[in-house]
Structure formats: structure tokens, C-alpha cells
Amino acid sequence: MSDVWISDVRIMGREGNFDIGVQGGHIAEIVTAGTRTYSGQVIEGRGLLAMPPFVEPHIHLDSVLTAGQPRWNESGTLFEGIQRWSERKPYLTREDVLTRVDEALQWMMAQGTLHIRTHVDVTDPTLTALQALLELREKVRGVVDIQIVAFPQEGIYSYQNGRGLELLEEALRLGADVVGAIPHYEYTREYGVRSIDACFDLAEKYDRLVDVHCDEIDDEQSRFVEVLATRALERGMGQRVTASHTTAMGSYNDAYAYKLFGLLRKADIHFIANPLINITLQGRFDSYPKRRGFTRVKELWQAGINVCLGHDDIMDPWYSFGTGSMLQVAHMAMHVGQMTGRQEAMACVDMVTYRSAKTLQIEDRYGIEVGKPASLLLVDADDKWDLLRRMPPAELVMSHGMVVAKTDPVKRRVYWTSRDGVVGEGGYGVDFRMHTGSPVSASEPRV
Ligand SMILES: [Zn+2]
């Protein structure tokens, strides 16, 4: 028995049209469309594509919507970003953080993001932003699922003569879900290695996940990812460990990368790239040729290693743009990573949905399946490829059986041509069918 039915939808990754029955916030039934008569509330799906919500695996919510405060980052560089943030940081208060994050969350929810892993800077003796985000995590629980990473932005051993470690542990005691580190930013390589060890020790002590800002630099000598992967392998923690950014991998020579990939396959850790930020902040010391500074997303994916994509920043000192759209993130990754092949582009959609869910270790409660929470989106798209090409809005966002957001689709009208009327954006192969009468197969080889 279901209280609510979503009628006539296609489901991402399945063939056919279905009706989805929801009861008590969970998916109770999935049946072939039109085979039942319903009592209770019916949401007309109109043949739209039902997909699980977007999963944001890497964002810094504590700094969102601070771009331009007190000054804009005019050079657009990482270093001016750090400078601007240090000017803004003294003004952090509980109310300031809660107001900004609440606004950004609305943007994200409206576009279908219902799972978020956020980093919070804990190199702050007052832990103001952390306390505010812990409060917010509880407030939105049941609608938006938030994981908090205790992130020592200024280092564990390099911050105030090692005080970073004490603050990191305090953040875990207060309830942060994930332990962070930033080894490439520590003063020395030795501090960097020690910081990774400390991170694993704390993760074991408090039974938490690990997510390290790792090798976010163009220095080809920055090789902390091999340390992170080795510790994960030796401690048997691979699935609980994530390497974020790893942009130095874009500068590694191929011989070293080949050896590294052997280790990464064994270690079985997760990777997160942040294409909007990586492409703008890296390569700043190059003239030409200019490196992209993007980790090897395509190669990681091809090697069967779990890789996913995040924002990193929305309108803050490091990146003054962003609307909270995960499709914008995937779209940028497709371009920067040269993943424009059909399967490659569709994989970019997985990297903001299923693959991110795997990184966050929430697969037991993620996906459109009977028994899982009724959290889903309805979008006007043929499939993943079409979704990425057109980036349509989530017309309906449901979290645990509740409709939490709706967006009316845009309608464009042209009056000039002989075909006076509403303009579509066209599915793939439309023109070919129109001109030749033959269908285009997705697997048809291209010359
Ligand atoms: Zn980050």
C-alpha cells in the first residue's frame, strides 16, 4: 500500500515507464505504468525522467557567499583568495555562517542536491563555523543529509606550532563526521606525512571517515597521494578514505603515474575532482603551454577507481561564481577532462550522483529502489547524455517522500520563422531521423 504515487516516469538506468509508490517516506512499490488504479495522492510524472538526487561530495559551506567581502579577489588566484579569506575570517559569527549557508542550501536543494559533504576550517581556536554547521546539520536532518569534514585549512603541524592537531581532535569530539588534512600545505614533507598518520589515527580512534585535501598544487613533486593510498591499504580502510583535488597528478610524468595507478587500484580509495575551481586556480605559474591542473579523472575512471566531482566553492574568495548546480560541475568536468565521448559524458553524470554516493558511503540509502528513502528528482531529459547537454532544471525535488522544491521549466517561443511556436532543444539524432527516416543508434560507430 502506498500513500502517494508518482505516475508515469522513466527511471534513470532502466527501460520502460513506471509508477512509483511512496509510503512512510520510503519507496514502497515500483510497477509498470498504468497497471494500477490508485487511491491517495497522485503526482503526474508526464513521462519525465526520475533520477536520484545529486550528491555534492566536496564543498566549503563555511565560506559560501562571501565573495567581495571585504574585497574581491581581483587576480583570481589561490593566494589572493587565502589573503581575502584571512580578512573575512575575523567577522565569522554563528549568525553570519547560518544565514549564508541557509541561503546556499536553498539554491542547492532547488536544483536537486540532497546529500552534501562539507569541509569546515577548524584552524580557528573558537571553532565558530564548525559549531554553526553542526547546528545546521541537525536542523536539516531528514531533508538534506550533511557530512562535516574537520578540515585544518592552515595545517595540522604548521598551524600555531602544532595546535592544529588539538583543534582537529576537538572538532571530532564535538561531532564532525570526517577527518581532514592538507599535507601539501604543511611546512615540510615530514610534517605532511605525519599529518596523514595523525589523520588515520584519529579516524580509527573516533570511527570516522577520512577525506584529505591532497596535492592541490601544480608541483609534480607533491606526492602525498601515494602516502594516503599506502596508509589506507595497510590499515584496510580503502573504502573509508578519499583523496580530494590531487591536481598534481595532472603534472606527474607517465612512468610515475603508471606505478601510482597500480597502488591506487589496490588501495581502493575514492577521488574527488573540483573542475570549476581546479581549472581556474591551477596553472597560474605557467605561461604557455599552460597546464590544466586537473587530476586524471578520465584515467581514474577507466582504471575502475571511484572518482567523483564537487563544487569546492560557491561565491567565495577562491571562486566568485557558481549557482549550486551539480550539472554545471559535471559539464565543466566533461570539457576540462576531455570526456566528450558518449560513455565518458554519461560517466560525468554518475560522478555527481552514484559515484559521489559511494564516496560518502551512503549507498545503502541512495537510489530509486524499493525500500530506500523516496528521495528523487523529476527532470525533462531523455537520458544522462541529454541531461548533461541541456542541463534542464529539476522540475520536482522529493526528499523522504516530501516535495521540497519545484521549478517551472523555461518555455521559449520564436515568432520569426515559418515554424511559429514553442522551441524545443531537441534530443540526439532528431535531425538525422528527420532527413533520412533512419534511427540513430547510440552505439553506432562514428567516423
Ligand atoms: Zn576543498
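A polar contact is taken here as a pair of N or O atoms within 3.5 Å, where, within protein, one atom must be able to donate a hydrogen and the other to accept it. In this predicted model, such a contact is found at the start of helix α10, where S325 caps the N-terminal end by placing a side-chain oxygen 3.3 Å from the backbone nitrogen of L327.

From that cap the reader can follow α10 along its length, through residues 326-336. The buried residues of this helix are M326, L327, V329, A330, A333, M334 and V336. An α-helix has 3.6 residues a turn, so residues three or four places apart point the same way. With that in mind, the spacing of M326, V329, A330 and A333, which are among the buried residues of α10, can be traced in the structure. The cover over the buried residues of α10 comes from several elements, including strands β6 (54-59), β7 (113-121) and β13, together with helices α8 (275-281), α11 (342-350) and α13 (384-390). After the helix comes Q338, whose phi is positive, near 50 degrees.

The loop that runs between β13 (307-309) and α10 holds D312, and this residue leads to the metal site. There the zinc ion is coordinated by NE2 atoms of H58, H60 and H213 and by an OD atom of D312, at 2.2 to 2.3 Å. Along the chain these donors follow the spacing H-x1-H-x152-H-x98-D. Within this set, H213 in strand β10 (residues 209-214) and D312 form a pair that links distant parts of the chain, being 99 residues apart. H213 counts as buried because its relative accessibility is 2%, and D312 likewise counts as buried because its relative accessibility is 4%. The angles among the four donor atoms run from 83 to 179 degrees, and the site is irregular. Why does the site of the zinc ion not count as tetrahedral? Four donors would need all angles between 85 and 135 degrees for that description, and the range of 83 to 179 degrees therefore falls outside it.

The backbone also has some less common local features, which are best inspected loop by loop. In the loop between β6 and α1 (78-88) lies P70, which is joined to Q69 by a cis peptide bond with omega about 0 degrees. That loop between β6 and α1 also holds L65, a residue other than glycine whose phi is nonetheless positive, near 60 degrees. L65 is buried, because its relative accessible area is 16% and the limit for buried is under 20%. A further cis peptide bond runs from Y288 to P289, with omega near 0 degrees, and P289 is placed in the loop between α8 and α9 (297-302). In the loop between α12 (354-359) and β14 (376-379) lies Q361, which has a positive phi of about 60 degrees although it is not a glycine; at 30% relative accessibility, Q361 counts as partly exposed.

At the scale of the whole chain, there is a division into domain 1 (4-52 + 367-406) and domain 2 (54-364). The centres of these domains, taken over C-alpha atoms, are separated by 31 Å, and 21 residues of domain 1 are in contact with 23 residues of domain 2. Between them an area of about 1800 Å² is buried, with carbon and sulfur atoms giving 71% of it. On the side of domain 1, K384, W385 and L388 supply 33% of the area buried against domain 2, more than any other three residues.

Methods
Residues are numbered from 1 along each chain as its sequence is written. This is a predicted model: local features need pLDDT of at least 70, side-chain atom pairs count only at pLDDT 80 or more; totals for chains, interfaces and linings use all residues. Side-chain values use heavy atoms; hydrogens and water are left out. Donors are N, O and S atoms within 2.8 Å of the metal (3.2 Å for Na, K and Ca); water is not among the atoms, so sites may look incomplete. Four donors count as tetrahedral if all angles lie between 85 and 135 degrees; four count as square planar and six as octahedral if opposite donors are over 155 degrees apart and all others between 65 and 115; anything else is irregular. Helices (H or I, at least four residues) and strands (E, at least two) are DSSP runs, numbered from the N terminus. Buried means under 20% relative accessible area, exposed over 50%, partly exposed in between (1.4 Å probe, protein chains only). Contact means heavy atoms within 4.5 Å. Domain bounds come from an automatic or database domain assignment. Buried area is the accessible area (1.4 Å probe) that two parts lose on being put together, summed over both.
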